[in-house]
Amino acid sequence: MEFDFTKSYFECFQLEAVFFVDQSLLADNYQQLQIRYHPDRFVNASEQDKRLAIQVTSHINEAFETLSDEQMRARYLLQLQGIEFDEDKDTTHDMEFLMQQMELREAIDNVDQHADALAALDALADQAAVQKKQLVQMFQDAFAAQHWDDAKQAVLKLQFFKRLHNQIAIKQDALEDELI
Amino acid sequence: MALLQISEPGMSTAPHAHRLAVGIDLGTTNSLVASVRSGVAETLVDEQGRAMLPSVVHYRKDQAPIVGYEALPYRLSDSLNTISSVKRILGRPMQDIRVHECSYSFAQDHQSVPRINTCSGARSAVEISSDILTALKQRAEETLGDELTGAVITVPAYFDDTQRQATKDAAKLAGLKVFRLLNEPTAAAIAYGLDAGAEGIVAVYDLGGGTFDISILKLRKGVFEVVATGGDSALGGDDFDIVVSEWITQQLPAELQQDQDLQRQIYIQARELKEQLTQTEQVEINIHDHMFVLTRDQFEQLIEPLIKKSLLACRRALRDAQFSKHDVTQVVMVGGSTRVPRVRAAVEEFFERVPHTDIDPDRVVAIGAALQADVLAGNKPGDEMLLLDVLPLSLGIETMGGLVEKIISRNTTIPVARAQEFTTFKDGQTAMRIHVLQGERECVSDCRSLATFDLTQIPPLVAGAAKIKVTFSVDADGLLNVLAQEVNTGVQAKIEVKPSYGLSDHEIESMLKASMEHAKDDMLMRALREEQVDADRVIEALDAALAKDGQQLLNTEELSQIEQARAELLAVRQHSQQADEIKQAIKHLESVSEEYVARRMNQSVQSMMQGRTVEEFGE
């Protein structure tokens with residue numbers, strides 16, 4: 001049995017390298033790989049095989065997580081095209097977008113002022129979801145047209161929604177704690 | 001091309017060579033061991049037919065510890081040497097232990113690993129847990145008639161890295177090979193056979209003696225995936241007992257409220273009352289002729305805040321899994337505390353679904369673990385049952401200002417590996433310290449400190465030029481490994497692990513060694529050491545006396561005889577490994593000096609009669 005670490009994440013799961021991914025097919029193929037390589041299958045194997053099993057499943061898990069998430073998948077597609085990302089320097093300079101983000105964050109912070117804070121928070125989460133959906137569409141269009149810069153901008157903006165999502169979750173925790 | 005050859009797993013196993021494997025539920029209150037025999041998983045019982053082994057260890061001076069039912073009476077009569085609920089402190093640093101709730105005496109000598117003083121020495125939670133595991137291992141080997149090839153040991157899904165590591169260390173110390181650490185709720189789902197074709201979302205509500213876990217499992221084509229776990233590692237049936245005993249104490253007059261022994265009695269009685277209230281509507285209590293009644297209604301009011309706390313954790317786990325409670329297709333109840341009718345009702349109300357309660361909630365985890373152990377031992381080739389687990393708590397590193405940067409977030413499917421690049425901030429910097437933490441909070445002080453890594457031998461370059469790639473990997477048991485490499489030169493930075501808490505491999509090794517050495521060797525060693533100390537003392541005393549009055553009281557021949565015996569003793573003391581030889585040499589010196597000692601005594605008596613003090617002649 002062989003495992004090729006140089007294959008792309010898409011090839012790992014026998015999928016085409018495009019933005020649209022059939023999530024159920026991805027999940028099926030992921031499970032097949034896990035059944036084959038999971039360390040539990042190598043309990044009585046040599047130390048070397050045990051270590052390999054951990055490495056292979058770590059790789060498969062990383063691949064699965066990347067392809068399951070829209071922002072990570074978009075970013076990975078660009079990386080396959082040779083577009084590089086620099087964690088420290090790359091960020092969007094779209095002032096209008098940044099203002100919008102700041103307003104959303106402030107609204108989440110101040111959600112306690114509403115009579116039904118949880119409902120208000122849900123509404124803000126919906127608003128964020130709509131904006132995110134628009135960005136995903138922008139990415140798909142730019143990617144199809146091979147406008148790499150525009151596609152990269154969309155990916156960088158999508159990054160903000162991950163943090164927004166975390167902020168909403170933390171707020172939800174706090175509000176629920178108060179209710180109990 | 002990085003092509004790897006991987007052999008087929010489990011293929012070397014001969015089909016009919018059944019490997020003995022057990023599942024162990026190492027519980028806070030009770031522990032169990034189970035095994036698959038003739039295709040059926042069953043808990044193994046003791047000589048009196050009891051499956052449960054109370055997780056209580058009683059230590060005695062110079063004798064083996066007593067574990068289980070026989071240790072229970074000593075909780076009252078010898079409470080300091082009788083340890084129960086040790087799982088609550090397993091893998092926890094001293095500052096996390098609610099000392100006021102444990103009545104044990106903690107040793108002050110060790111910096112971070114808490115040790116409990118007992119009459120047979122200071123014991124760590126790992127050692128105490130290992131004594132429980134040893135008892136279970138013995139029971140299994142006696143029942144099954146052969147040595148075990150391995151075990152699956154269950155842990156609360158909420159256990160962090162140090163708690164999991166401590167569990168593995170305890171097993172190692174007990175001489176058990178651990179196939180896998182398995183989350184308790186997952187084991188329960190396996191016991192209910194939910195892997196057999198069923199698809200859907202399973203919530204496992206596990207309220208044990210000391211811990212509460214909620215796990216959300218996704219079942220698909222025979223594959224278990226733990227999509228989220230949550231809970232509270234300090235919430236359980238023991239807390240029910242605490243609120244009940246607090247209530248009882250409040251009903252008593254003030255002078256009885258301070259009585260420590262009575263407090264322990266009340267606590268034990270509270271547990272019995274709780275159990276009775278699962279069957280009856282009210283119980284009568286009589287403490288030192290103070291009579292009162294506790295109704296089930298009152299009891300339910302007392303425990304309601306605790307149940308609410310558990311349901312809050314359920315909500316969180318569902319949200320982490322990104323499911324609503326309506327997505328849940330099955331609910332499994334685990335743990336003795338789910339026998340409490342109010343708990344069952346509250347869970348049913350919350351999930352709007354009748355929970356599974358058919359299997360004894362105390363045994364269900366051990367049974368599931370045994371089934372998994374059987375598969376992992378290779379007894380069921382072709383079985384495609386597989387468990388995918390997630391990391392229970394996020395892993396991160398300390399950054400500037402005491403904040404935590406998350407490297408791997410909780411509920412990430414494991415095994416997993418993540419790399420992070422670090423750079424030097426000074427010219428020629430060759431070392432760097434990385435502090436690894438586990439937890440969800442942003443501040444270092446709110447997270448559990450796992451380890452400090454010192455990266456050394458970094459090539460000296462200008463500030464920011466050296467790039468160190470640190471790879472954090474978590475294996476299938478949820479345990480962390482770290483690897484560091486300088487990116488440009490490929491130099492492997494050396495990592496020195498300094499566990500903030502827990503035992504290093506070295507410590508475990510030396511503990512293992514000590515426990516494997518024959519007790520006889522230990523005793524001989526101690527005897528030798530004692531004779532050496534004795535010899536030193538005798539020589540020292542003789543030298544002091546000779547310096548004072550040797551010339552005065554002894555003639556030349558006598559003096560040389562004594563000095564010869566002294567030289568012989570010194571030689572034996574320095575070179576002999578035999579306690580007896582040293583003892584003989586001491587005796588010889590003493591007999592040669594007998595006359596000298598007698599003369600000195602005479603002299604001091606005479607001096608006293610002359611009105612002089614003994615002190616002036618003292619050594």
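Analyst: A crossing of two helices is right-handed if the near helix is turned clockwise from the far one by less than a right angle. The structure discussed here is a predicted model.

User: Which handedness does the crossing of α8(B) and α9(B) have, and what makes it so?

Analyst: α8(B) passes α9(B) in a right-handed crossing. By the definition, the near helix is therefore turned clockwise from the far one.

User: What is the angle between α8(B) and α9(B), and how is it classed?

Analyst: Helix α8 (residues 296-320) of chain B and helix α9 (residues 341-351) of chain B pack at about 40 degrees, and their axes are 10 Å apart. Roughly parallel requires an angle under 35 degrees and roughly perpendicular one of 65 to 115, so the packing counts as oblique.

User: Which residues make this contact, and how do they divide by class?

Analyst: From α8(B), Glu300(B), Ile303(B), Ile307(B), Leu311(B) and Cys314(B) meet Arg342(B), Val343(B), Ala346(B) and Phe350(B) of α9(B). The contact holds 7 nonpolar, no polar and 2 charged residues. Glu and Arg count as charged, so the charged residues are Glu300(B) and Arg342(B).

User: How are α5(A) and α6(A) oriented to each other, and why?

Analyst: Helix α5 (residues 95-109) of chain A and helix α6 (residues 117-144) of chain A pack at an angle of about 165 degrees, with axes 10 Å apart. The limit for roughly antiparallel is over 145 degrees, so α5(A) is roughly antiparallel to α6(A). Their crossing is left-handed. Leu104(A), Ala107(A) and Ile108(A) in α5(A) meet Leu121(A), Leu124(A) and Ala128(A) in α6(A). This contact comprises 6 nonpolar residues, with no polar and no charged ones.

User: What secondary structure surrounds this pair in chain A?

Analyst: Chain A has 7 helices and 1 strand, in the sequence pattern β-α-α-α-α-α-α-α. Of the 180 residues in chain A, 28% are buried.

User: Why do β7 and β8 of chain B count as edge strands?

Analyst: The sheet is open, with 3 antiparallel strands in the order β7-β6-β8. β7 (63-67) and β8 (82-84) each have a single partner strand, so one side of each lacks a neighbour in the sheet. Neighbouring strands are turned by 20 degrees against each other on average, direction ignored.

User: How do you know that β6(B) and β7(B) are paired strands?

Analyst: Strand β6 (residues 56-60) of chain B is joined to β7(B) by 3 bridges in the antiparallel sense. Pairing needs at least two bridges, so these strands qualify. One of the partnerships links His58(B) with Ile66(B) in β7(B).

User: How does α2(B) run relative to β7(B), and how is that angle classed?

Analyst: Helix α2 (residues 125-144) of chain B lies across β6, β7 and β8, at about 75 degrees to β7(B). That value falls within 65 to 115 degrees, so the two are roughly perpendicular.

User: What makes the side chains of β26(B) an alternating set?

Analyst: In strand β26 (residues 467-474) of chain B, Ile468(B), Val470(B), Phe472(B) and Val474(B) point to one face and are buried. Lys467(B), Lys469(B), Thr471(B) and Ser473(B) point to the other face and are not buried. Such alternation between the two faces of the sheet belongs to a regular strand.

User: Which strands pair with β26(B)?

Analyst: Strand β23 (residues 416-423) of chain B pairs with β26(B) over 8 bridges, and strand β27 (residues 480-486) of chain B does so over 7, both in the antiparallel sense. Lys469(B) stands opposite Glu421(B) and opposite Gln485(B) in β27(B). β26(B) and β27(B) form a hairpin with 5 residues between them, and Gly478(B) in the turn has a positive phi of about 85 degrees.

Technical notes:
Residues numbered from 1 in each chain as written. Chains lettered and ligands numbered in written order. Predicted model: local features only at pLDDT ≥ 70, side-chain atom pairs only at ≥ 80, totals over all residues. Axes fitted to C-alpha atoms, helices over the stretch in contact; angles between N-to-C directions. Helix = DSSP H or I, 4+ residues; strand = E, 2+ residues; numbered from the N terminus. Contact = placed C-beta atoms within 7 Å. Buried ≥ 20, exposed ≤ 12 C-beta atoms within 10 Å, placed from the backbone.
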